[in-house]
Amino acid sequence: RERPKDTPGKQACAAVGQCELMYLYDNLFAEYSISVAQMLLTKYVLLEDRRKNVENAMERLISHRVIPVINENDTVDSLAAIVADIAKADLLIIMSDIDGLYDKDPHTYEDAKLIPVVHEITDEIKALAGGAGTKLGTGGMITKLNAVEIAYKSDIDVVLMNGQHPKTLYDLFDGKSVGTIFSKNED
C-alpha cells in the first residue's frame, strides 16, 4: 500500500500503528524482564509550567526500572532533544532514512561524502542541510540540526544514523564510527 497523503489518512495510520508498536515494544522488552510505558507528549506539555510533571513521571518510571517510550505529536527530532534533556541523557540517537550529514545531497550527487563528526552548527553546516524532508521522513535535515542545537544547550551529544539498519546500533555501542556524531567536545 501507498502512504496516505491526506492528514486524516496519516492520523488513522498512526493511531493503528501506535497500538502495534507498543505491543511490539512490550513483547521484545518482556524477553529481558523489562517493562515499558508509553508517555504521550507534545511540545506544549514541555513548557516550563508542565515540564516538571513530565520530569517527575519520567524519573519515577526509570526508578522503577520501566523504560519510557515517548509518543509524540510534533516534530520528532526537536521533541526528542527536549526529552533527552529531561531524561538527563548523555546521548541522543536520531535514526533517519539517511546515513548522516553529507557534504552535499547524496540523493542528487553520487560523490557526496558523509561527514563523520561535527563540533559546531555553523551557517555552513546549516547550508548543507538544504531543503525539505525526504519521501519517508517529514522534517528533513534542518529539523535534525535544530534538535542538535537543543541538545548542545544541555551538553548532550547527538548521533544521526540510518534507522533502516538498526543493527548498526551495536557498532555504535562498540565505539565504531556510525553516521554523524555531533559533539561539542573536540576529543
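Tyr-25 counts as partly exposed in this predicted model, since its relative accessibility is 29%, and Phe-29, with a relative accessible area of 24%, is likewise partly exposed. These residues both belong to helix α1, which covers residues 7–30, and because they are four residues apart there, about one helical turn separates them. The structure holds one aromatic pair, and it is formed by the rings of Tyr-25 and Phe-29, whose centres lie 6.3 Å apart and whose planes meet at 40 degrees, so the pair is described as tilted. A tilted pair is one whose planes are neither under 30 degrees apart, which would count as stacked, nor over 60, which would count as edge-to-face.

Another ring, that of Tyr-109, has a charged partner: Lys-104 lies over its face, at 5.4 Å from the ring centre.

Turning to the interior, the largest nonpolar core has 23 residues, of which Leu-92, Leu-101, Val-118, Ile-121, Val-158 and Phe-182 touch the most other members. Two or more residues of this core come from each of the helices α3 (76–86), α4 (123–129) and α5 (140–153) and from each of the strands β3 (91–96) and β5 (157–162), with α5 giving the most, namely six residues. In soluble globular proteins, nonpolar side chains tend to be buried together.

Leu-101 shows how such a core residue is surrounded: with its neighbours within four places in sequence left aside, its contacts include Leu-114, Ile-115, Val-118, Ile-125, Leu-128, Met-141, Leu-160 and Phe-182, and also Lys-113 and Thr-180. Apart from the largest core lies another, of eight residues, among them Leu-41, Leu-46, Leu-79 and Val-83.

Methods:
Residues are numbered from 1 along each chain as its sequence is written. This is a predicted model: local features need pLDDT of at least 70, side-chain atom pairs count only at pLDDT 80 or more; totals for chains, interfaces and linings use all residues. Side-chain values use heavy atoms; hydrogens and water are left out. Rings of Phe, Tyr and Trp (its six-membered ring) pair if their centres lie within 6.5 Å; planes under 30 degrees apart count as stacked, over 60 as edge-to-face and the rest as tilted. Buried means under 20% relative accessible area, exposed over 50%, partly exposed in between (1.4 Å probe, protein chains only). A charge sits over a ring if NZ of Lys or CZ of Arg is within 6 Å of the ring centre and within 35 degrees of the ring normal. A nonpolar core is a set of buried Ala, Val, Leu, Ile, Met, Phe, Trp, Tyr and Cys residues joined through side-chain atoms within 4.5 Å. Contact means heavy atoms within 4.5 Å.
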